[in-house]
Amino acid sequence: MDSEQLYVEDSYLRGFDATVVRAGPKFVVLDRTAFYPEGGGQPTDLGILEAGGKEYNVVKVMKRGPQIFHYLDGDIPEGSEVHGVIDWDRRLGFMRLHSGEHLLTGLFESAGSGPKVFSSFNQLDFQPSDLDEETIQSVRRRFDEIADIDIPIRIYYTDRDQLDVGDDARKQSFLEKMPPDVERLRMVEIGEYALTFCMGTHVKSTGEIGRLKGLRLEPKKKRRKIVYFEL
Ligand SMILES: [Zn+2]
């Protein structure tokens with residue numbers, strides 16, 4: 001049985017009820033879950049599952065095929081009704097950083113950064129790239145302005161065959177690796193500044209991302225430029 005991914009429809013869902021559809025030593029699969037499994041550059045959610053009057057710590061969540069495995073510090077039998085609670089401070093922090101990563105990537109790409117070859121919660125790598133200090137400063141100002149005016153972050157779906165990723169090698173390879181039965185792609189749009197497909201969790205608007213605390217350029221060999229950011 002597939003696990004329904006509640007976090008895809010509602011990133012702000014902190015608690016939910018579910019049924020254990022598969023159980024093993026220190027893990028359960030639920031029929032539905034709001035726990036985000038690690039992937040797409042976003043770490044696993046943590047939190048607790050309550051079952052039979054006891055609390056179990058969720059120490060790791062992973063998606064394997066269509067099922068989402070919750071690894072626990074104890075055993076819960078198959079068929080049990082559970083209530084899940086997400087460690088919200090941790091998740092909201094990740095949603096902010098991840099959404100900020102989207103916005104920064106969009107701004108740098110528009111500023112002619114060249115293709116992004118790596119990204120994380122504090123780093124974007126572009127190669128080949130001619131990014132300079134002046135562009136860093138203008139992107140920083142723009143980012144803070146967009147945070148201040150609080151633009152909505154919009155999620156919508158598009159048909160896979162209608163998506164044009166142009167000559168972006170990273171997006172091309174991502175599309176190629178996606179299973180052929182995935183026909184609809186989840187798009188994440190931040191005004192006119194950023195648009196990409198992504199299954200991750202995001203905040204509702206740029207005001208929640210907030211201003212940049214730091215943005216620093218580090219040139220490397222072979223025209224690789226690393227941008228370190230702090231939110
Ligand atoms: Zn995303």
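In this predicted model, Glu189 sits across from Leu195, a residue of strand β13. That pairing is a handy way into a small sheet. Strand β12, which covers residues 184–190, and strand β13 are paired in the antiparallel sense, with 4 bridges between them. Add β11 and the picture is an open sheet of 3 strands, in the order β11-β12-β13, with antiparallel pairing. At the edges lie β11 (153–159) and β13, each of which has a pairing on one side only. Going from one strand to the next, the twist averages 25 degrees.

Strand β13 also leads on to the metal site. The zinc ion has four protein donors: His98, His102 and His202, each through NE2, and Cys198 through SG. These donors lie 2.0 to 2.1 Å from the zinc ion. What geometry does the site of the zinc ion have? The 4 donor atoms make angles of 97 to 124 degrees, and the site is tetrahedral. Read along the sequence, the donor residues follow the spacing H-x3-H-x95-C-x3-H. One pair in this set, His98 and Cys198, links distant parts of the chain, the two residues being 100 residues apart. His98 belongs to helix α2 (residues 88–110), while Cys198 is found in the loop between β13 (194–197) and α5 (206–209). Are these two donors buried or exposed? His98 has a relative accessible area of 4%, so it is buried. Cys198 comes out at 14% relative accessibility and therefore counts as buried too, the cut-off being under 20%.

Now for strand β3, which spans residues 27–30 and is covered on both faces. In a regular strand, side chains alternate between the two faces of the sheet. Here, Phe27 and Val29 are on one side, Val28 and Leu30 are on the other, and all of them are buried.

What does β3 pair with? One partner is strand β2 (residues 15–24), which runs antiparallel to β3 and is joined to it by 4 bridges. Within this pair, Gly24 stands opposite Phe27. The two strands form a hairpin with 2 residues between them, and Lys26, in the turn, has a positive phi of about 60 degrees. Another partner is strand β7 (residues 67–72), again antiparallel, with 3 bridges to β3. Phe27 turns up here as well: its bridge partner in β7 is Tyr71. Phe27 thus stands opposite Gly24, has Tyr71 as its bridge partner in β7, and is one of the buried residues of β3.

Methods: Residues numbered from 1 in each chain as written. Predicted model: local features only at pLDDT ≥ 70, side-chain atom pairs only at ≥ 80, totals over all residues. Heavy atoms only, no water. Donors = N, O, S within 2.8 Å, 3.2 Å for Na, K, Ca; no water. Tetrahedral: all angles 85-135°; square planar, octahedral: opposite > 155°, others 65-115°. Buried < 20%, exposed > 50% of the residue type's maximum accessible area, 1.4 Å probe, protein only. Pairing = 2+ DSSP bridges. Axes fitted to C-alpha atoms, helices over the stretch in contact; angles between N-to-C directions.
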